[in-house]
2 protein chains.
Amino acid sequence: MLGRVNHVAIAVPDLSAAADSYRSMLGADVTAPQALPEHGVTVVFVTLPNTKVELLEPLGDASPIAAFLAKNPAGGIHHICYEVADIIGARDRLKQAGARVLGDGTPKIGAHGKPVLFLHPKDFQGTLIELEEV
Amino acid sequence: MLGRVNHVAIAVPDLSAAADSYRSMLGADVTAPQALPEHGVTVVFVTLPNTKVELLEPLGDASPIAAFLAKNPAGGIHHICYEVADIIGARDRLKQAGARVLGDGTPKIGAHGKPVLFLHPKDFQGTLIELEEV
């Protein structure tokens, strides 16, 4: 069921400083910041040969990463996103196996314009998992 | 400087349960457990098309993931490992840029038999970064 790792998302308190350290210290390609107000984040992509890392900074009052940053003020790895071919099929299989899908189970359109779902970290060893249909 | 994401490592309190949830709930290929006493972990690899996820369970009294699991008893994403072509060159560039390399700065032979270094999470937004020479 799981396909590629689409991205690893890191929540950061200061996107500009984070982008700069990936660019100048780690010598990585980092895209220009993109505000995604409907997702409550501003994002840059660290482009790597086989996948990407997304650096996320909260945007607006109801950012989905605000609570995480309140708990981890320096930032930290927030979630990992796996690609699936059929998100409804994946959801149904997961629910049948007893895994909790966040929200009402209806895929939402994610930051890449594709349907996504999040799985409860308590069912996956404290790891927030995003599934994205590609 | 940064190459492929070699792996994402997740610390787990119960490797057998974790392997089972990746296998049965997420439909992923998971290898048999491998004890690495010299690294203080038992590991399984979740094999994905573009990279791998490593699930790590503490092994022995001085496991490097014991403190993390004491703080995060359910488990969680522990580090991300990037490939570099020249680990000494990478280390020198990072030190010159003001980043802290853990330990004495001498690469150690990691769990894959390759030279590795870890970078201080405080210099990278709370993210523990491993560099592996490939």
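The questions and answers below concern a predicted model of two chains, A and B, and begin with the contact between them.

Q: How many residues does chain B bring to its contact with chain A?
A: The contact is made by residues of both chains, and chain A contributes 43 residues to it. For chain B the number of residues is 43.

Q: How much area do chain B and chain A bury between them, and which three residues of chain B supply more of its buried area than any other three?
A: The two chains bury about 3300 Å² between them, and 66% of this lies on carbon and sulfur atoms. On the side of chain B, 23% of the area buried against chain A is supplied by three residues, namely B:M25, B:L26 and B:Q125.

Q: How many salt bridges and how many residue pairs in polar contact does the rule find across the interface of chain B and chain A?
A: For salt bridges across this interface, the rule finds zero. For polar contacts, where both residues must be at pLDDT 80 or more, the number of residue pairs found is 13.

Q: Which element supplies the largest share of the side of chain B that touches chain A?
A: At least two residues each come from β1 (5-11), α1 (15-25), β6 (76-84) and α3 (87-96) of chain B. By class, this side of chain B has 26 nonpolar, 13 polar and four charged residues. The largest share, seven residues, comes from α1(B).

Q: Is B:Q125 buried or exposed, and at what relative accessibility?
A: B:Q125 is placed in the loop between β8 and β9 of chain B, and its phi is positive, about 55°, although the residue is not a glycine. Since buried means under 20% relative accessible area, B:Q125 counts as buried, at a relative accessibility of 11%.

Q: Which residue of chain A has a side chain joined to that of B:Q125 by a polar contact?
A: Leaving out residues up to four places away in sequence, B:Q125 touches a set of chain A residues, including A:I10, A:V12, A:Y22 and A:G75. The polar contact between side chains spans 3.4 Å, and the partner of B:Q125 in it is A:S21.

Q: What is the relative accessible area of A:Q125?
A: A:Q125 has its place in the loop between β8 (115-119) and β9 (129-133) of chain A, and its phi is near 55°, a positive value in a residue other than glycine. A:Q125 is buried, with a relative accessible area of 12%.

Q: Which residue's backbone oxygen does the side chain of B:T51 reach?
A: B:T51 lies in the loop between β4 (41-47) and β5 (52-58) of chain B, and it counts as buried because its relative accessibility is 6%. Beyond its neighbours within four places in sequence, B:T51 is in contact with residues of both chains, among them A:V5, A:N50, B:R4 and B:H7. The backbone oxygen that its side chain reaches, at 3.1 Å, belongs to B:N6.

Q: Which residue of β9(B) is the bridge partner of B:E83 and also stands opposite B:V116?
A: Strand β9 (residues 129-133) of chain B is mostly covered, with four of its five residues buried. β9(B) pairs with β6(B) in the parallel sense over five bridges, and with strand β8 (residues 115-119) of chain B in the antiparallel sense over four bridges. In β9(B), the residue that B:V116 stands opposite and that is the bridge partner of B:E83 is B:E132.

Definitions and conventions:
Residues are numbered from 1 along each chain as its sequence is written. Chains are lettered from A and ligands numbered from 1 in the order in which they are written. This is a predicted model: local features need pLDDT of at least 70, side-chain atom pairs count only at pLDDT 80 or more; totals for chains, interfaces and linings use all residues. Side-chain values use heavy atoms; hydrogens and water are left out. Contact means heavy atoms within 4.5 Å. Buried area is the accessible area (1.4 Å probe) that two parts lose on being put together, summed over both. A salt bridge is a side-chain nitrogen of Lys or Arg within 4 Å of a carboxyl oxygen of Asp or Glu. A polar contact is a pair of N or O atoms within 3.5 Å; within protein, one must be able to donate a hydrogen and the other to accept it, and residues adjacent in sequence count only if both atoms are side-chain atoms. Ala, Val, Leu, Ile, Met, Phe, Trp, Tyr, Cys and Pro count as nonpolar, Asp, Glu, Lys and Arg as charged, and the others, Gly among them, as polar. Buried means under 20% relative accessible area, exposed over 50%, partly exposed in between (1.4 Å probe, protein chains only). Two strands pair if DSSP finds at least two bridges between them.
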